[in-house]
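The report below describes a pocket, the nonpolar cores, one helix and a few loop residues, with the cut-offs given where each term first appears.

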Amino acid sequence: MAIITTLTGKRPHRWLYGNHNHQSPNSSRFKRQKLSTMSNNTPSPFSSTNATLSRISRYPETKPPLRREVHAPCSRPRKFDLSINSKSESSNLMVSGISSALIEKYQQTKYSALATIELRAKGKEKDNYKEVVSEDSSVEHELRYAAKDCKLKESDLVHLDNEVGVQKQSTSSVVSELSGGKLNEFDAAKMVGTLSLSPENDLSGVRAYKKLLEAVDKRSDTIGRLKFEIQLNEKRRSAFDLLRPKKELVEEVPWEPFVPLTKEEKVEVARAFSADRKKVLVAHEKSNIEISGEKFQCLRPSGWLNDEVINLYLELLKERERRDPQKYLNCHFFNTFFYKKLISGKNGYDYKSVRRWTTQKKLGYGLHECDKIFVPIHQQIHWCLAVINKKEKKLQYLDSLKGIDTQVLGVLARYFVDEVKDKTGEDIDISCWEKEFVEDLPEQKNGYDCGMYMVKYTDFYSRNLRLCFNQSHMPYFRLKTAKEILRLKAD
C-alpha cells in the first residue's frame, strides 16, 4: 500500500492513503466501528496520571500548512489542497457542531492547568504533591479526536486566547508543563469551576498584586533601616553628651535685696548713729512705735536687735506689700509679743488672750486669706522665726543656729485651727500639713546676728525668694535696715 507523504514529513489522514478502496470515514459501517472501538477502548475514569500524560504526549502539534513557492507551472493539484478538499460534508458538520464545545472545554482545561502550575510552582516543593486520578478518558478521547481530525489551526487558538485574555501557548508546551509540574487533568478539570477567567480572578491582577506587595516590602525595609539609623544616632548623641563637660549652673541672685546704698544714704545712717540717744529719730503713727537714738544703736555692727526695731521693720514689710500686692505675697506679720502672749496660759496655751489681735475691723482681712503668717519667736537670748505656710500647707521653723522646737509648731497649729473656727465658723483639719524644720538656710557664724537673720528670713520669704544670702551680707543688711527705718519705707 503506497503512502502519500506531506511536505511536513508527517503522515496524512487515513483516507489519503494510496489504497482508495479503504472505507470512507463517512460510511455508516465506519461510524459503527469507530463507536464500538471508542466504547471498548474507554479506560476507567480513574487511570494513572502517567498513562494520561503519555497519551497526551502523542497529540500531534498543530501547525499551519507550509506553502512552498512554485516557480514553474504545475499541472497536478497540491497535496495540501487535496487533503483539505477531500473532507466530506459530514466531517465539516461534525467539526462545526462538536468541535466548538470540545475546543471550549479544551481551552478551559488548558488555562486552568496553567494557572494551577503558576500558583503552585512558587514556594512549594514539587515532591509533596500527591498524584490524583485523572479525568474521565472520554474527555481525552474527544481532545485527541478534535486535535487530529478537526486540525484546529493555531490562528483559531490565538483568537480564543485573545477573547479570554490569557497568553498563547501551544499544545506541546501545555503537555510539557503538565508533565513537568506533576499536575494531572483531574486537578485541572476540578479547578475549572473554582478558578474562572473572570476579571476578578485574572492572573494579571494577581501579578499586579504581587508587584505591589514587593514594592511595600522594599519600602518597609527602607523604613526599618531609617529607624535603625535614628536609634544609632541617638545613642551616639547620648554618648557625646556624657563626654561633653557639664556646665555648672550659676544661680541667679535677685538684685533688689542687694541694691547698694548711695553716699547720701550712708551719710544719713552715720548721722543717726551719732545723734543724741534720747532724741526720737523716727515715729510710726499706725503702730505707735518710736525709735530713739539709743534704740537705734542696735543696728550697729555686733548689736542685738531689740523688739522696737524688729516690730517697726515688720510693719514696714506689711506696708510694702499693700503698695504692690501683685509683686509680693499676701502675708501677715505678728510682732515679737504675740507668741509670748499666746503661751501665757496655765497649760501653755491661751487663745482668748490674742483673740482680738486679728479682728476684721483691725486688720481689714482675715488670717485664713493669707498665704503666709510670720511669727517671731524669742528663745530667751536667741531669735527664731515660725511660719504658718498656708500656700504650701506647711508649718515651718527657721533657726539660724539649726535649732529645733516642736512645741512651737504644735502651738501654732492649734492656734490657726481656733482662729479659723472663731472668725469663719469652719472646722479645718491641718493634721496632714508638713512640719518642716528648714535646714537649707543661711547659718549664723557669730553670737549677735540672730535678730538680723530672723528679719531677713521674713523679708525673703515675703518676696517668695529663696534664702540666697550668707554671713558676709550682714553688715550691708544692718545699714540697709537702718536706712529703711529712718525713711519708714521698706525697699
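Helix α12 contributes the largest share of the lining of the second largest pocket, namely six residues. Helices (H or I, at least four residues) and strands (E, at least two) are taken here as DSSP runs and numbered from the N terminus. The model is a predicted one, in which local features need pLDDT of at least 70 and side-chain atom pairs count only at pLDDT 80 or more, while totals for chains, interfaces and linings use all residues. Residues are numbered from 1 along each chain as its sequence is written, and side-chain values use heavy atoms, with hydrogens and water left out.

A pocket is defined on a 1 Å grid over the protein atoms alone, as an open set of points where a 1.4 Å probe fits, with protein on both sides within 12 Å along at least five of seven lines; its lining residues have an atom within 4 Å of a point. The second largest pocket holds about 560 Å³ of space, where grid points are joined across faces, edges and corners and the volume is the space filled by probe spheres set on the points. Its lining comprises 18 residues, and Glu 315, Phe 333, Asn 335, Lys 362 and Leu 363 are the ones nearest the centre. At least two lining residues come from each of α12, β3 and α14 (360–363). By class, the lining divides into eight nonpolar, four polar and six charged residues, with Ala, Val, Leu, Ile, Met, Phe, Trp, Tyr, Cys and Pro counted as nonpolar, Asp, Glu, Lys and Arg as charged, and the others, Gly among them, as polar.

For the protein as a whole, the secondary structure comes to 17 helices and seven strands. Buried residues (under 20% relative accessible area, against over 50% for exposed and in between for partly exposed, with a 1.4 Å probe and protein chains only) make up 37% of the 491 residues.

A nonpolar core is a set of buried Ala, Val, Leu, Ile, Met, Phe, Trp, Tyr and Cys residues joined through side-chain atoms within 4.5 Å. The largest such core has 47 residues, of which Leu 299, Leu 398 and Phe 469 touch the most other members. Elements that each supply at least two residues of this core include α10 (263–273), β5 (382–389) and α17 (474–487), but α16 gives the most, with eight residues. Apart from this core lies another, of 29 residues, among them Val 354 and Ile 430.

Helix α16 also agrees with simple helix geometry: at 1.5 Å a residue, its 13 residues (450–462) should span 18 Å, and its end C-alpha atoms are 19 Å apart. The expected span is 1.5 Å times one less than the number of residues. Because 13 of the 13 residues of α16 are buried, the helix is largely enclosed by the rest of the structure. Just after α16, Asn 464 takes a positive phi of about 65°.

Most residues other than glycine have a negative phi. Two lysines in loops also have positive values, as tabulated here.

| Residue | Phi | Loop | Relative accessibility |
|---|---|---|---|
| Lys 393 | near 55° | between β5 and β6 (394–398) | 49%, partly exposed |
| Lys 402 | about 60° | between β6 and α15 (406–424) | 36%, partly exposed |

Glu 426 lies in the loop between α15 and β7 (434–437) and, at 46% relative accessibility, counts as partly exposed. Leaving aside neighbours within four places in sequence, Glu 426 is in contact (heavy atoms within 4.5 Å) with Val 420 and Lys 421.
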